Amino acid sequence: FVSEFLRFLFPALPLVFWIMDPRSNLVPYVSPGFEIIWGRSLPDPAIAFEVFRNSIHPDDREAMFRKLQRQAADVEPGHSEYRIIRPDGEVRWIQSRTFPMRDARGEIRRIMGYAEDVTERKVTEQALEKSEARLQALSDNALDITAIVSADKTIRFITPSVKRILGYACEDLIGRKCCD
């Protein structure tokens, strides 16, 4: 029942599940989600690791493999974010988690993991960072005092120009009532 359930479940999820032998780099299982996220057909187990390695963005490749080696040696937790390049040239952000499978002596014999496409989240984070940087630049260069005050008249934010105009540091005013 369990294997039948997993055969049904894995293709239905927008994730890639895999199992790897860290000594030989043989990957005996990769779920069908690989074809969707990586944009490549499921590789033969003997070359799956090479296909994976070659798809990692060149700027992320070296750091990613150092991390994988530390994870395989059980020195580092199994969480990574990196970019891949699909065959059509599209760059996608991937988040993955790995879990060691140990034998009776406690040695790592296999590594299981899953990966998901987090590109939309990363694009949103990057847009938010740009927006925050623009807002910070506006705030830092404001000629007038601008503040955000809550309904109870507590100052939640105030521009640095308050120092030049009134002589107060922002941190001295934030959290105080504006009537004070």
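This section describes the nonpolar cores, one helix pair and two individual residues of a predicted model.

The largest nonpolar core of the predicted model comprises 22 residues, and those with the most contacts inside it are Val-16, Val-30, Trp-38, Phe-52, Tyr-82 and Ile-94. At least two residues of this core are supplied by each of strand E1 (15-20), helix H2 (33-38), H3, H4, strand E3 (79-85) and strand E5 (108-117), and it is H3 that gives the most, with four residues. Around Trp-38, when residues up to four places away in sequence are not counted, contacts are made with Val-16, Phe-52, Ser-55, Tyr-82, Ile-84, Arg-86, Pro-87, Ile-94 and Ala-115. A second core, separate from the one just described, has five residues and includes Ile-155, Val-162, Cys-170 and Leu-173.

The packing of two helices can be described by the angle and the distance between their axes. For helix H3 (residues 48-55) and helix H4 (residues 58-72), the axes come within 9 Å and cross at roughly 135°; the two helices are therefore oblique to each other, since this class takes in angles that lie above 115 degrees but do not exceed 145. On the H3 side the contact is formed by Phe-49, Phe-52, Arg-53 and Asn-54, which meet Arg-61, Met-64, Phe-65 and Leu-68 of H4. By residue class, the contact of H3 with H4 divides into five nonpolar, one polar and two charged residues. Phe-52, which takes part in this helix contact, is also among the residues with the most contacts inside the largest core.

Two polar or charged side chains were then examined in their surroundings. Gln-95, which is found in strand E4 (residues 91-102), has a relative accessible area of 14% and is therefore buried, the cut-off being under 20%. Apart from residues up to four places away in sequence, Gln-95 touches His-79, Ser-80, Glu-81, Tyr-114, Ala-115, Glu-116, Val-118 and Arg-121. With Arg-121, the side chain of Gln-95 forms a polar contact of 3.5 Å, side chain to side chain.

Asp-88, by contrast, lies in the loop between E3 and E4 and is exposed, because its relative accessible area is 55% and the cut-off for exposed residues is over 50%. The side chain of Asp-88 reaches the backbone nitrogen of Glu-90 at 3.0 Å. Although Asp-88 and Arg-40 are 48 residues apart in sequence, their C-alpha atoms are 9.8 Å apart in space.

Notes: Residues numbered from 1 in each chain as written. Predicted model: local features only at pLDDT ≥ 70, side-chain atom pairs only at ≥ 80, totals over all residues. Heavy atoms only, no water. Axes fitted to C-alpha atoms, helices over the stretch in contact; angles between N-to-C directions. Parallel < 35°, antiparallel > 145°, perpendicular 65-115°, else oblique. Contact = heavy atoms within 4.5 Å. Nonpolar A, V, L, I, M, F, W, Y, C, P; charged D, E, K, R; others polar. Buried < 20%, exposed > 50% of the residue type's maximum accessible area, 1.4 Å probe, protein only. Polar contact = N/O pair within 3.5 Å; in protein donor to acceptor, adjacent residues only side chain to side chain. Core = buried A, V, L, I, M, F, W, Y, C linked by side-chain atoms within 4.5 Å.
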